[in-house]
Amino acid sequence: MKTIKIAGVPEHFNLPWHLAIENGDFENENIDLQWTDVPEGTGKMCQMLRDGETDIAVILTEGIVKDITAGNPSKIVQVYVDSPLIWGIHVAANSSFQTLADLENTKVAISRLGSGSQLMAYVNASNQKWDTTNLQFEIVNTIDGAVEGLTNGTADYFMWERFMTKPLVDKGIFRRIADCPTPWPCFVIAVREEILLKQPEIVAKVLEIINQTTQEFKEIPSIDKTLAQAYHQKIEDIQEWLRLTRWSQKGLEPEMLNKVQNQLFELGIIDKKSTFEDIVKTV
């Protein structure tokens, strides 16, 4: 058995991995795929790839592009979810903020530096024509930390995947003011270069198995009920999410990488652009 460590957020996008692991699909190919849930998200997973704590990460496109440009020794091998991530912009339910305009020059809660929640705060500010140099950040680590920060007023708003945050809106803890979709496919699969060099055939087999699973995922009987139960969601919310979500079995196109890098560069999040070969590897 070859052991491969993989990390991802504990969100509904990643249920296909758990189903494939439980079904023994990787084991049947002599791969011991060890999954780690990372509620802190992309910033933390970038660090895990750098430290060798994980071999593979299912990670936000903009976050890993930024970190590879900054020296992370990993490559993007495939797009995992092709549809945009819909970031909800949330405030505490009882706060005085009513519109997106009210949030200009306030403090945004982020999971950590370099996280999607930070990068998308720049994208949103740019969309609203705000001065991005005025953005102020409060690091809260996880969604639970954001609840605490927004409730006690150490931060004013928090951007997180809309559907995963919906239970907090339904409970009257958060109020959603607006949405901000990513202008690119949301999740990619990144692999440490060392693993790509030493075990390319294992990586290729892992991709083959997950691609088979995601291709058939929406056809699984009662998958909406399974997802709703596993992620504490209302069935109608999950059904809407399933309608909006497209998994991918393809590589990241050069045009799309250019789009991501150009926007990150314009926002001052990266100070140089890397070549396609520096960031992407086909296995």
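User: How much space lies in the largest pocket, and what makes this a pocket rather than a cavity?

Analyst: In this predicted model, the largest pocket holds about 360 Å³ of space. A cavity is a set of points that the probe cannot leave, whereas a pocket is an open set, so the name tells you that this space is open.

User: Which residues sit closest to the centre of the largest pocket?

Analyst: There are 15 lining residues, and Pro10, Ile143, Met164, Tyr231 and His232 are the closest to the centre. Helix 5 (143-152) and helix 6 (162-170) each give two or more residues to this lining. Helix 6 gives the most, with 3 residues.

User: What is the make-up of that lining by class?

Analyst: The lining of the largest pocket has 10 nonpolar, 2 polar and 3 charged residues. Tyr231 is one of the residues closest to the centre, and Tyr counts as nonpolar by the rule used here. His232 is another of those residues, and His falls among the polar ones because it is in neither the nonpolar nor the charged list.

User: Histidine 232 comes up again, I think. Why is histidine 232 called exposed?

Analyst: The relative accessibility of histidine 232 is 64%, and the cut-off for exposed is over 50%, so histidine 232 counts as exposed. This residue lies in the loop between helix 9 (223-230) and helix 10 (235-244). Its phi is also worth a look: about 50°, a positive value, although the residue is not a glycine. Most residues other than glycine have a negative phi.

User: Where is asparagine 141 placed, and is asparagine 141 buried or exposed, or something in between?

Analyst: Asparagine 141 is in the loop between strand 7 and helix 5. Its relative accessibility is 39%, which lies between the 20% and 50% cut-offs, so asparagine 141 counts as partly exposed. Here too phi is positive, near 70°, in a residue other than glycine.

User: On to the closed spaces. How do you know how many cavities there are?

Analyst: Counting those of 30 Å³ or more gives 2 cavities. The largest cavity holds about 130 Å³ of space. It is lined by 15 residues, and the closest to its centre are Val9, Glu11, Leu60, Trp87 and Trp160. Helix 4 and strand 8 (157-161) each supply at least two residues of that lining. By class, the lining divides into 6 nonpolar, 6 polar and 3 charged residues.

User: What lines the second largest cavity?

Analyst: That space, about 40 Å³, is lined by Leu103, Glu104, Asn105, Thr106, Trp130, Asp131, Asn134 and Leu135. The classes here are 3 nonpolar, 3 polar and 2 charged. Glu104 and Asp131 are in this lining, and Glu and Asp belong to the charged class.

User: What makes the pair of tryptophan 17 and phenylalanine 26 stacked?

Analyst: There are 11 aromatic pairs in the structure. In the pair of tryptophan 17 and phenylalanine 26, the centres are 6.2 Å apart and the planes make an angle of 10°. Centres within 6.5 Å make a pair and planes under 30 degrees apart make it stacked, so both conditions are met. Tryptophan 17, at 0% relative accessibility, is buried, and phenylalanine 26, at 2%, is buried as well.

User: And why is the pair of tyrosine 122 and phenylalanine 137 called tilted?

Analyst: The two planes are 45° apart and the centres 5.7 Å apart. That angle is neither under 30 nor over 60 degrees, so the pair is called tilted. It links distant parts of the chain, with tyrosine 122 in helix 4 (residues 116-127) and phenylalanine 137 in strand 7 (residues 136-139), 15 residues apart. The 20% cut-off separates the partners: tyrosine 122 is buried at 17%, while phenylalanine 137 is partly exposed at 22%.

User: What makes lysine 273 a charge over the ring of phenylalanine 265?

Analyst: Lysine 273 is 5.0 Å from the ring centre and lies over its face. The distance limit is 6 Å, so that part of the rule is satisfied.

User: Last one: how do you know whether the radius of gyration agrees with a compact globule?

Analyst: With 283 residues, a compact globule would come near 19 Å, and the protein has 19 Å, so the two agree. The C-alpha trace spans about 55 × 45 × 30 Å along its principal axes, and 55% of the residues count as buried.

Methods
Residues are numbered from 1 along each chain as its sequence is written. This is a predicted model: local features need pLDDT of at least 70, side-chain atom pairs count only at pLDDT 80 or more; totals for chains, interfaces and linings use all residues. Side-chain values use heavy atoms; hydrogens and water are left out. Rings of Phe, Tyr and Trp (its six-membered ring) pair if their centres lie within 6.5 Å; planes under 30 degrees apart count as stacked, over 60 as edge-to-face and the rest as tilted. Buried means under 20% relative accessible area, exposed over 50%, partly exposed in between (1.4 Å probe, protein chains only). Helices (H or I, at least four residues) and strands (E, at least two) are DSSP runs, numbered from the N terminus. A charge sits over a ring if NZ of Lys or CZ of Arg is within 6 Å of the ring centre and within 35 degrees of the ring normal. On a 1 Å grid over the protein atoms alone, a cavity is a set of points where a 1.4 Å probe fits but cannot get out, and a pocket is an open set with protein on both sides within 12 Å along at least five of seven lines; lining residues have an atom within 4 Å of a point. Grid points are joined across faces, edges and corners, and a volume is the space filled by probe spheres set on the points. The radius of gyration is taken over C-alpha atoms; the globule rule is 2.2 Å times the number of residues to the power 0.38.
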